[in-house]
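Let's take a walk through this one together. Have the sequence and the fold side by side as we go.

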Amino acid sequence: MKELDPLLHSQLRLAIMSLLLSVEEADFVWLKEKTEATAGNLSVQIEKLSEAGYIAVRKEIIGKKPRTTCSITEKGRTALDEYVKVLKEYLHI
């Protein structure tokens, strides 16, 4: 049996990916509210997903405020699909 992707097996990273699956893009504040994560922890997990190529991160300045926006990549979508498929095999669904 295949192993579950350890990158997606983290509760917070899985939550981020699942949220991004249903939207075109999401900003950091919205993700923080939805996941109830601390800003520091969310930043670290977003960075890990970005380094893996699972999400794209765009940073910009709106007025004088920084804004970070995330979106799921095709690689991330494929990885999440595979994760769910393997999980279903484990659960015999």
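In which helix is Leu-91 found? Leu-91 sits in helix H4, which covers residues 74-91. Keep in mind that we're looking at a predicted model. Leu-91 counts as exposed because its relative accessibility is 53%, and the cut-off for that label is over 50%. It also has company: Met-1, Leu-87, Tyr-90, Leu-91 and Ile-93 make up a nonpolar surface patch, with about 560 Å² of accessible area together.

Now over to the sheet. It's an open one, built from three strands in the order S1-S3-S2 with antiparallel pairing. Strands S1 (26-27) and S2 (55-62) are the edges, each pairing on one side only. Helix H1 (residues 11-21) packs on this sheet and touches S1, S2 and S3, its direction making about 80° with that of S3. Between S2 and S3 (residues 65-72) you can trace eight antiparallel bridges; Arg-58, for one, has Thr-69 in S3 as its bridge partner.

Arg-58 is a handy place to pick up the charges. It forms a salt bridge with Glu-25, with the closest N and O atoms 3.2 Å apart. That ties strand S2 to the loop between H1 and S1, across 33 residues of chain. Arg-67 pairs with Glu-60 at 3.7 Å, and shared partners join Glu-25, Asp-27, Arg-58, Glu-60 and Arg-67 into one network.

The count comes to six salt bridges. Another of them brings us back to helix H4: Lys-2 and Glu-82, with closest N and O atoms 3.0 Å apart. This pair links the segment before H1 to H4, 80 residues apart.

Technical notes. Residues are numbered from 1 along each chain as its sequence is written. This is a predicted model: local features need pLDDT of at least 70, side-chain atom pairs count only at pLDDT 80 or more; totals for chains, interfaces and linings use all residues. Side-chain values use heavy atoms; hydrogens and water are left out. Two strands pair if DSSP finds at least two bridges between them. Helices (H or I, at least four residues) and strands (E, at least two) are DSSP runs, numbered from the N terminus. Contact means heavy atoms within 4.5 Å. Axes are lines fitted to C-alpha atoms, for helices over the stretch in contact, and angles run from 0 to 180 degrees between N-to-C directions. Patches are made of residues with over 30% relative accessible area and no salt bridge: like charges are joined within 9 Å, nonpolar side chains (Val, Leu, Ile, Met, Phe, Trp, Tyr) within 5 Å. Accessible areas come from the Shrake-Rupley method with a 1.4 Å probe; for residues, only the protein chains shown count as cover. A salt bridge is a side-chain nitrogen of Lys or Arg within 4 Å of a carboxyl oxygen of Asp or Glu. Buried means under 20% relative accessible area, exposed over 50%, partly exposed in between (1.4 Å probe, protein chains only).
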